[in-house]
Amino acid sequence: MRAFYHPDQAIHSPQQFMRYGRFVPIKDSPVRTERLIGALARHGITPEKPAEYGTAPALTVRTPAYVRFLETAWENWAQLPDHGPEVWPQYFPYWSGRPEEAARRDCPATGFIAQVGWYLGDLSVPMGPDSWRSILRSSETAVTGADAYVSPDWYVSP
């Protein structure tokens with residue numbers, strides 16, 4: 001069996017998570033990644049590094065505005081006076097998630113704070129200084145895994 005992983009996937013390390021109006025321990029942490037990699041190792045599987053695709057695959061399923069938002073969110077956040085440790089929305093504009101729409105429409109507002117609420121959508125998706133690089137590497141890992149799956153030699157017995 002083949003597995004794919006890039007170390008940059010673990011650098012997204014959220015500090016805060018809200019559930020039912022309370023801060024709770026985060027689940028999406030580098031420790032979780034270490035446990036998953038350890039489980040693979042116990043089965044004799046060493047993850048391969050994914051190919052570098054850049055943003056092209058993400059742009060086939062997400063709008064350019066959304067991808068650009070993710071790419072620049074921390075940079076824009078860090079320019080705000082008295083910004084917090086992570087990009088976190090202050091409000092959440094309604095979007096119905098209608099199935100007839102292929103993706104969330106681009107944010108109708110041009111202001112960064114409005115875009116944070118539109119694109120992040122709730123308090124369970126904070127972004128830190130390294131989140132974009134982790135998001136990009138995770139996207140590349142998913143594409144590499146899909147490419148390996150559809151190729152004739154996708155399964156290699158351990």
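A salt bridge here means a side-chain nitrogen of Lys or Arg sitting within 4 Å of a carboxyl oxygen of Asp or Glu. Glu71 and Arg68 make one of these, with their closest N and O atoms 3.6 Å apart. Keep in mind that you're looking at a predicted model. Its chain has four helices and two strands, and the rest of this briefing walks through how some of those pieces meet.

**The overall picture**

- Going along the sequence, you'll meet the elements in the order β-β-α-α-α-α.
- The C-alpha atoms fit in a box of roughly 50 × 35 × 30 Å, taken along the principal axes.
- The chain has 158 residues, and 32% of them count as buried.
- Take the contacts between residues at least 6 apart in sequence: 71% of those join residues at least 24 apart.

**Helix α4**

- Helix α4 covers residues 131–150, which makes 20 residues.
- From its first C-alpha to its last, α4 reaches 29 Å, close to the 28 Å expected at 1.5 Å a residue.
- Quite a list of α4 residues is buried, including Trp132, Leu136, Val143 and Ala148.
- What do those buried residues of α4 pack against? Their partner is helix α2, residues 64–78.
- Thr144 is part of α4 too, and it's buried because its relative accessible area is 9%, under the 20% cut-off.
- Leaving aside neighbours within four places in sequence, Thr144 is in contact with Phe4, Pro50, Ala51 and Tyr53.

**Salt bridges**

- How many salt bridges are there? The count comes to five.
- Arg2 pairs with Glu48, and their closest N and O atoms are 2.8 Å apart.
- Arg2 sits in the segment before β1 (18–19) while Glu48 is in the loop between α1 (30–42) and α2, so this pair ties together parts that are 46 residues apart in sequence.
- Both ends of that bridge are partly exposed: Arg2 has 27% relative accessibility, and Glu48 has 30%.
- Back to the pair from the start: Glu71 and Arg68 are three residues apart in helix α2, so about one helical turn separates them.
- Here's the general idea: an α-helix has 3.6 residues a turn, so residues three or four places apart point the same way.
- Glu71 counts as partly exposed because its relative accessibility is 37%.

**Arg137 and its network**

- Arg137 also belongs to helix α4, and its side chain meets that of Glu140 in a salt bridge at 3.0 Å, N to O.
- Why is there about one helical turn between Arg137 and Glu140? Because they are three residues apart in helix α4.
- Is Arg137 buried or exposed? Arg137 is buried, with a relative accessible area of 15%.
- Glu140 is buried as well, with a relative accessible area of 2%.
- Salt bridges that share partners link Asp8, Arg133, Arg137 and Glu140 into one network.
- Not counting residues up to four places away in sequence, Arg137 touches His6, Asp8 and Gln9.

**The largest pocket**

- The largest pocket holds about 560 Å³ of space.
- Its lining is made of 29 residues.
- Which residues lie nearest the centre of the largest pocket? They are Gln9, His12, Asp28, Arg32 and Ser134.
- Four helices, α1, α2, α3 (112–120) and α4, each supply at least two residues of the lining.
- Helix α1 gives the most to that lining, with five residues.
- By type, the lining residues divide into 17 nonpolar, nine polar and three charged.

**A loop residue to look at**

- Where is Val24? Val24 is in the loop between β2 (22–23) and α1.
- Val24 counts as partly exposed because its relative accessibility is 28%.
- Not counting residues up to four places away in sequence, Val24 touches Phe17 and Arg19.

How values were computed. Residues numbered from 1 in each chain as written. Predicted model: local features only at pLDDT ≥ 70, side-chain atom pairs only at ≥ 80, totals over all residues. Heavy atoms only, no water. Expected span 1.5 Å × (residues − 1). Buried < 20%, exposed > 50% of the residue type's maximum accessible area, 1.4 Å probe, protein only. Contact = heavy atoms within 4.5 Å. 1 Å grid on protein atoms, 1.4 Å probe; cavity = no way out; pocket = protein on both sides within 12 Å on 5 of 7 lines; lining within 4 Å. Points joined across faces, edges and corners; volume = space filled by probe spheres on them. Nonpolar A, V, L, I, M, F, W, Y, C, P; charged D, E, K, R; others polar.
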